[in-house]
Amino acid sequence: KQWYQRRVAITAGIFGDNEHEAHADLMAVFRKVSKGSAGKLVHVYVNSGKADNGRILEFFGIKKEDGQVTRIIQLGEGVDKYAPDFTDLTEENLAKFASDYLSGNLKKHLNSEEIPEDWDALPVKVLVGKNFEAVAFDETKDVLVEFYAPWCGHCKQLTPIWDELGEKYKDHESIVIAKMDSTANEVADVTVKGFPTLKFFPKESGKKVVDYSGGRTLEDFVAFLDGDHDAEAEDDKADEDDADHDEL
């Protein structure tokens with residue numbers, strides 16, 4: 001886990017089970033390929049069969065049953081992930097994947113779950129990557145979103161308050177309360193630095209994203225949503241206050 005905890009900037013990773021019959025062959029190929037981009041990418045292997053690595057797999061949107069997969073990961077303010085368009089981890093494919101990244105020819109990979117049939121059945125709307133833009137950037141709505149992780153302690157503490165907030169505004173014509181599991185879903189316009197991250201998407205703002213950094217009581221949220229809040233002030237304050245977050 002040391003590379004992950006140090007937040008190494010650019011990493012080429014292989015995720016696979018040490019018990020897989022092709023593990024030794026894959027590692028030989030990976031070591032050979034790594035020499036071609038040494039000094040430009042940090043190369044790591046993550047054993048997906050090891051229970052202790054479960055959180056890492058979850059964070060990168062990879063499941064043990066995916067088998068042997070590769071990603072390039074850039075850790076900065078957020079996490080940019082690049083996935084290949086191939087499944088065969090050959091020397092040629094892996095070398096080209098690294099080369100394409102270094103040449104700027106790869107597009108970021110964004111995870112998304114499928115849209116739940118009942119995503120809008122409850123007062124707190126359920127967002128995934130595939131319905132996020134249509135809901136959050138609806139120009140007729142003020143949308144407050146919690147970006148959470150299922151394992152996050154602060155998120156669990158916030159849940160009853162968030163549900164109560166959703167209940168209060170469930171029939172409001174222009175205010176929407178929503179949440180998104182950021183371990184399984186990603187969106188291009190939002191950087192999540194910790195959990196929970198709260199962001200406000202004001203109506204008629206041309207896709208403006210405002211970091212909410214106010215208090216976290218029901219009364220605080222209601223005062224923000226019902227008042228003439230200063231979006232610019234909230235945005236500035238958010239840069240100074242990242243206290244109540246679990247680490248990614």
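**Exercise 1. The pair α2 and α4**

Determine how helix α2 and helix α4 cross and which residues make the contact.

*Solution.* Begin with the axes: those of helix α2 (residues 23-36) and helix α4 (residues 91-102) come within 9 Å and cross at roughly 35°. Here axes are lines fitted to C-alpha atoms, for helices over the stretch in contact, with angles running from 0 to 180 degrees between N-to-C directions. Helices (H or I, at least four residues) and strands (E, at least two) are DSSP runs, numbered from the N terminus.

The model is predicted: local features need pLDDT of at least 70, side-chain atom pairs count only at pLDDT 80 or more, and totals for chains, interfaces and linings use all residues. Residues are numbered from 1 along each chain as its sequence is written, and side-chain values use heavy atoms, with hydrogens and water left out.

Next, take the handedness: α2 passes α4 in a right-handed crossing. A crossing is right-handed if the near helix is turned clockwise from the far one by less than a right angle, and left-handed if anticlockwise.

Then list the residues in contact (heavy atoms within 4.5 Å). From α2 these are V29, K32 and V33, and from α4 they are E91, L94 and A95. This set divides into four nonpolar, no polar and two charged residues. In this division Ala, Val, Leu, Ile, Met, Phe, Trp, Tyr, Cys and Pro count as nonpolar, Asp, Glu, Lys and Arg as charged, and the others, Gly among them, as polar.

**Exercise 2. The pair α6 and α7**

Describe the crossing of α6 and α7, then place F221 within the contact.

*Solution.* The axes of helix α6 (residues 153-169) and helix α7 (residues 218-226) come within 10 Å, and they cross at roughly 40°. That angle makes α6 oblique to α7. By convention, angles under 35 degrees count as roughly parallel, over 145 as roughly antiparallel, 65 to 115 as roughly perpendicular and the rest as oblique. The crossing in which α6 passes α7 is right-handed.

The contact draws on L158, I161, W162, E164, L165, K168 and Y169 of α6, and on L218, F221, V222, L225 and D226 of α7. By class, these residues comprise nine nonpolar, no polar and three charged.

Now turn to F221, a residue of helix α7. F221 counts as buried because its relative accessibility is 0%; buried means under 20% relative accessible area, exposed over 50%, and partly exposed in between (1.4 Å probe, protein chains only). Neighbours within four places in sequence aside, F221 is in contact with L144, L158, I161, W162, L165, L198, Y212, G215 and R216. F221 and I161 lie 60 residues apart in sequence, with 9.4 Å between their C-alpha atoms.

**Exercise 3. Two asparagines in loops**

Establish whether N131 and N111 are buried or exposed, and identify a polar partner for each.

*Solution.* N131 sits in the loop between β5 (125-127) and α5 (132-136). With 5% relative accessibility, N131 counts as buried. The side chain of N131 reaches the backbone nitrogen of V128 at 2.7 Å. Beyond neighbours within four places in sequence, N131 is in contact with I115, W119 and V126.

N111 belongs to the loop between α4 and β5. At 10% relative accessibility, N111 is likewise buried. The side chains of N111 and H109 are joined by a polar contact of 2.9 Å. Such a contact is a pair of N or O atoms within 3.5 Å; within protein, one must be able to donate a hydrogen and the other to accept it, and residues adjacent in sequence count only if both atoms are side-chain atoms. Residues up to four places away in sequence not counted, N111 touches F60, G61, K81, A184, N185 and E186.

**Exercise 4. Backbone exceptions**

Locate the cis peptide bond and describe the positive phi values at E204 and K207.

*Solution.* Start from the general expectation: most residues other than glycine have a negative phi, and most peptide bonds are trans.

The peptide bond from F195 to P196 is cis, with omega near -10°. P196 is in the loop between β8 and β9 (197-201).

E204 has a phi near 50° and is placed in the loop between β9 and β10 (210-211). At 65% relative accessibility, E204 is exposed.

K207, in the loop between β9 and β10, has a positive phi of about 65°. K207 is partly exposed, its relative accessible area being 44%.
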